[in-house]
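Please open the structure in your viewer and keep the selection tool at hand. The stops below each suggest something to select and then describe what is found there.

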Amino acid sequence: MRISTHQLFNRGLDNIIDVNAQLQKTQLQISSGKRVLTPADDPVASTRILQINQELALLGQYQTNINLAQNRLELEDGLLGSVSEVIQRLRELTVQAGDGSQNSDDKAFIAEEVKQRLDQLVGILNSKDPSGEYVFGGYQGKTEPFQLNEAGAYVYQGDEGQRFVQIDAAVSVAASDNGKAIFVNVDSDNNTFYTEASPRNTSVPPAVITQGQMIDQELYDEFYPEDLVVVFNDETNVVPARPNYSIVQKSDGRPVASNQVFATGQPIAVNGVQFEIIGTPQPGDTFFVQSSEKQGLLTTVERLAAGLDDYQDTPEGRQVLTDLIDSTLANLTNAETKLLEKRSELGARLNTIESIDQLQGDVEVHTKEVLSELQDVDMAEAVSRLSFQNLILQAAQQSYTQVTNLSLFDLL
């Protein structure tokens with residue numbers, strides 16, 4: 001078999017290139033710490049490594065969601081704790097207002113602090129999270145949940161949404177609660193009511209109806225659960241012509257009071273409740289007094305402040321205040337019970353998050369161990385292999401030098 005000089009040179013050079021490539025690959029493995037650098041190095045391991053990296057990325061997203069949900073729930077729990085502290089102070093003020101030794105001026109002073117506590121409550125209920133969204137707004141995170149309406153009463157402007165966050169493949173946890181569920185839908189100690197103006201009213205600026213007060217619980221209980229409608233009539237129905245209204249039952253239109261002369265801000269008392277309509281209603285404008293088994297926390301505080309402001313030191317006035325004190329204490333208790341239930345629920349959610357967090361931590365550690373076994377290089381073996389490959393390269397280079405020096409001309 002004849003071997004040409006060209007073949008001899010090429011074969012030696014190819015050997016040097018191959019050994020050098022292996023040496024460089026080993027060096028790259030050592031410097032990167034990875035055994036599998038390309039899918040060609042180990043196709044089966046490469047596929048598994050890709051799957052494990054995807055699993056780790058998903059675990060990382062779950063961890064982000066866990067942190068988000070935990071922070072929001074801890075913030076909400078802290079806010080509810082602040083609300084409980086305010087309710088406790090309001091309870092003390094309510095008891096103090098019921099003291100028979102307090103005169104009208106004393107009750108006015110108490111009313112001022114009640115209003116300050118009301119402002120404090122509104123500030124807490126309109127709190128934002130670190131991202132700038134309102135905590136108790138439901139899905140309407142950019143809308144202030146509790147706002148003053150034209151009549152000076154606080155109305156919930158959020159929705160009933162509840163945001164859920166997925167913290168595991170099969171587990172989602174509620175990361176928020178809407179203000180209506182916690183602070184508005186509170187059971188009332190007695191049958192109660194709320195007022196609202198029809199959105200179809202035409203007066204400009206819109207006439208408003210105040211929140212109202214309960215002045216005779218027994219009388220209202222006889223009427224409950226009917227609703228009232230205040231309808232403004234054509235002014236020509238009375239002489240001289242002036243704004244006038246009629247009150248009917250909402251269910252069947254049965255008259256309760258007809259053609260009553262209207263004066264803005266004048267108290268209207270009917271079936272045990274009292275309210276005012278402020279503004280200049282137009283014929284056809286309607287206002288509703290609707291029965292309810294719920295009374296929001298802010299409504300309870302607002303009615304307490306209004307009752308103390310309107311206190312009359314007469315037998316009837318003292319009885320109205322006594323009834324207001326009793327109902328306020330009961331409704332504050334109901335509101336606090338609602339808060340305790342919600343805080344207990346928050347605690348259960350936080351426990352779930354903590355358990356999932358610990359479980360995912362263990363899964364992540366095990367997954368990373370498997371990944372390390374698949375892709376990490378054995379440093380001791382790689383260093384030994386590098387030394388051996390370096391020795392082979394030197395031998396190949398030396399032999400190539402000797403072989404390339406062989407020539408017939410050297411024997412002439």
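Begin with residues 244-249 and 255-261 of this predicted model, which are strand 9 and strand 10, paired in the antiparallel sense over four bridges. Within this pairing, select Tyr 245 and look across to its bridge partner in strand 10, Gln 260. Then follow the hairpin through the five residues between the strands, where Gly 253 takes a positive phi near 75°.

Next, turn to the aromatic rings, of which the structure holds nine pairs. Select Phe 146 and Phe 183, whose ring centres are 6.3 Å apart and whose planes stand at 70°, so the pair counts as edge-to-face, the class for planes over 60 degrees apart. This pair links distant parts of the chain, since Phe 146 belongs to strand 1 (residues 146-148) and Phe 183 to helix 4 (residues 179-184), with their positions 37 residues apart in the numbering. Phe 146 is buried, at a relative accessible area of 3%, and Phe 183 is likewise buried, at 2%. Add Phe 136 and Tyr 156 to the selection, and you have a cluster of four residues linked by ring pairs.

Two charged side chains deserve a stop of their own. The charged end of Lys 250 sits over the ring of Phe 288, 5.2 Å from its centre, while that of Arg 303 sits over the ring of Phe 193 at 4.4 Å from the centre.

Now display the pockets. The largest pocket holds about 960 Å³ of space, and of its 34 lining residues the closest to the centre are Tyr 154, Val 155, Tyr 156, Tyr 194 and Thr 195. Among the elements that give two or more residues to this lining are strand 2, helix 4, strand 14 and helix 6, but the largest share, five residues, comes from strand 5. By class, the lining of the largest pocket has 18 nonpolar, twelve polar and four charged residues.

Move on to the second largest pocket, with about 650 Å³ of space. Of the 27 residues lining it, select Gln 213, Glu 302, Ala 306, Gly 307 and Asp 310, which are the closest to its centre. Helix 6 provides the largest share of this lining, six residues, and the classes divide into eleven nonpolar, nine polar and seven charged residues.

Finish at Asp 326 in helix 7 (residues 315-375), a residue that counts as partly exposed at 46% relative accessibility. Select Thr 94 as well: the two residues are 232 residues apart in sequence, yet their C-alpha atoms are 8.9 Å apart in space.

Key
Residues are numbered from 1 along each chain as its sequence is written. This is a predicted model: local features need pLDDT of at least 70, side-chain atom pairs count only at pLDDT 80 or more; totals for chains, interfaces and linings use all residues. Side-chain values use heavy atoms; hydrogens and water are left out. Rings of Phe, Tyr and Trp (its six-membered ring) pair if their centres lie within 6.5 Å; planes under 30 degrees apart count as stacked, over 60 as edge-to-face and the rest as tilted. Buried means under 20% relative accessible area, exposed over 50%, partly exposed in between (1.4 Å probe, protein chains only). A charge sits over a ring if NZ of Lys or CZ of Arg is within 6 Å of the ring centre and within 35 degrees of the ring normal. Two strands pair if DSSP finds at least two bridges between them. On a 1 Å grid over the protein atoms alone, a cavity is a set of points where a 1.4 Å probe fits but cannot get out, and a pocket is an open set with protein on both sides within 12 Å along at least five of seven lines; lining residues have an atom within 4 Å of a point. Grid points are joined across faces, edges and corners, and a volume is the space filled by probe spheres set on the points. Ala, Val, Leu, Ile, Met, Phe, Trp, Tyr, Cys and Pro count as nonpolar, Asp, Glu, Lys and Arg as charged, and the others, Gly among them, as polar.
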